[in-house]
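Here is a short guided tour to read with the model open beside you. It goes from the overall picture to the core, and then to the details.

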Amino acid sequence: EVQPRDYEFRVKFPGKYEVRPNTIIEEIANQLTADGKVSIYAHIPQCMYRCNFCTYAVTLSGNADEDGYRLLKERDALYKIIPLDKVKTTSLYFGGGTPTTLSPDGINDLVKGLVDQLQVTPETEITMEGSPDTIDEDKIQAAKRAGITRFSVGVQTFNDDILNECNRKHTAREAEDAIELLCKSGFKEVNVDLMRGLPHQTLEGFIGDLLHVVSYDPETIHAYRMRIMRKGELPTVFERNQEQLALPSIEDV
């Protein structure tokens, strides 16, 4: 196991001095204890495929449940040195990757494995995100039983031609079915993600996507801007071929 003393970097906490590698864990534990609350992000790096605009390090090996098991092992190691059960969890977010590549049993085991050992309250927001092609009734019910209160689905657009160019494997019809299932499932909040700035996307087309989502009445809608690449991110298929892309004007975006 890697020990803090083995780290070859230093960490600077906001407003604090730079700490030595062998005191990183102690500093984190002290800060959490002092604040009395924590927001936790749990990462599932697994995807079924890579979108052409993706800038993240994801894996496509089909072992999402194993990723969930590894997260629980990390939980055990973390709890030995940081008393997360002693501080209030304000939010718990399962992101990725695509967390809904987990099986229903995998979703239940991972979510409950974290929730049951944290100090959560009825006000704690517990979110899972997913893509339309990996969401079904069994997974939705498993997420509800395990304690998920907020579900976020990445639709991006309802234009099948643009979805295909982005290497998204779901159709507009599948996205509509997923939104409808989620909105009828009784989560405290359902969020739908859209993306602006996609190849061949028009202002009128995006407005049409937005109005279509509104018709399902989700609690929130996030409209993200498609970006080619930021410093330090992985180059995307779109980055390598941007000169051939029919991207909308910056004014429209």
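The report below takes up the overall make-up, the cores, one helix, the aromatic pairs, the cysteines and the backbone.

## Ground rules and overall picture

This is a predicted model, in which local features need pLDDT of at least 70 and side-chain atom pairs count only at pLDDT 80 or more, while totals for chains, interfaces and linings use all residues. Residues are numbered from 1 along each chain as its sequence is written, and side-chain values use heavy atoms, with hydrogens and water left out.

The protein's secondary structure comes to eight helices and eight strands; these are DSSP runs numbered from the N terminus, with helices being H or I of at least four residues and strands being E of at least two. Of its 253 residues, 45% count as buried. Here buried means under 20% relative accessible area, exposed means over 50%, and partly exposed is in between (1.4 Å probe, protein chains only). About 13,900 Å² of the protein is exposed, and carbon and sulfur atoms supply 50% of that area. Such accessible areas come from the Shrake-Rupley method with a 1.4 Å probe, and for residues only the protein chains shown count as cover.

Contacts (heavy atoms within 4.5 Å) reach well along the sequence: among those with a separation of 6 or more, 71% are between residues 24 or more positions apart.

## The nonpolar cores

A nonpolar core is a set of buried Ala, Val, Leu, Ile, Met, Phe, Trp, Tyr and Cys residues joined through side-chain atoms within 4.5 Å. The largest one has 45 residues, and within it Phe94 and Ile148 touch the most other members. Helix H3 (residues 104-115) is the element that gives the most to this core, with five residues.

What does Ile148 touch, not counting residues up to four places away in sequence? Its partners are Phe94, Val111, Ile126, Thr127, Met128, Ala143 and Phe187. Apart from this core lies another, of 14 residues, and Cys47, Cys51, Cys54 and Met226 are among them.

## Helix H3 and its surroundings

H3 is worth a look of its own. Its 12 residues reach 16 Å from the first C-alpha to the last, close to the 16 Å expected at 1.5 Å a residue; the expected span is 1.5 Å times one less than the number of residues.

The buried residues of H3 are Gly106, Ile107, Leu110, Val111, Gly113, Leu114 and Val115. An α-helix has 3.6 residues a turn, so residues three or four places apart point the same way. On the other side of the packing from the buried residues of H3 are strands E3 (37-44), E4 (88-96) and E5 (125-130), together with helices H2 (64-79) and H4 (137-146).

## Two aromatic pairs

Rings of Phe, Tyr and Trp (its six-membered ring) pair if their centres lie within 6.5 Å; planes under 30 degrees apart count as stacked, over 60 as edge-to-face and the rest as tilted. By this rule there are two aromatic pairs. Tyr41 and Tyr93 are stacked, at 6.0 Å centre to centre with 20 degrees between the planes. Tyr41 lies in strand E3 and Tyr93 in strand E4, so this pair ties together parts 52 residues apart in sequence. Tyr41 is partly exposed at 46% relative accessibility, and Tyr93 is partly exposed at 25%.

Phe151 and Phe187 form a tilted pair, 5.4 Å centre to centre and with 55 degrees between the planes. Phe151 belongs to strand E6 (residues 150-156), while Phe187 sits in the loop between helix H6 (172-183) and strand E7 (189-196), 36 residues apart. Phe151 is buried, with a relative accessible area of 1%, and Phe187 is buried at 8%.

## Cysteines

With a disulfide taken as a pair of cysteine sulfur atoms within 2.5 Å, a search of the whole structure finds zero. For Cys47, the nearest cysteine sulfur is that of Cys54, 6.3 Å away. Cys47 is buried, with a relative accessible area of 11%, whereas Cys183 is partly exposed at 29%.

## Backbone details

Most residues other than glycine have a negative phi, and most peptide bonds are trans. A cis peptide bond joins Gly96 and Gly97, with omega about 20 degrees; Gly97 lies in the loop between E4 and H3.

Asn167, not a glycine, has a positive phi of about 65 degrees. Asn167 is in the loop between helix H5 (160-165) and H6, and is partly exposed at 21% relative accessibility. His200 has a positive phi too, near 70 degrees. The loop between E7 and helix H7 (203-214) holds His200, which is partly exposed with a relative accessible area of 48%.
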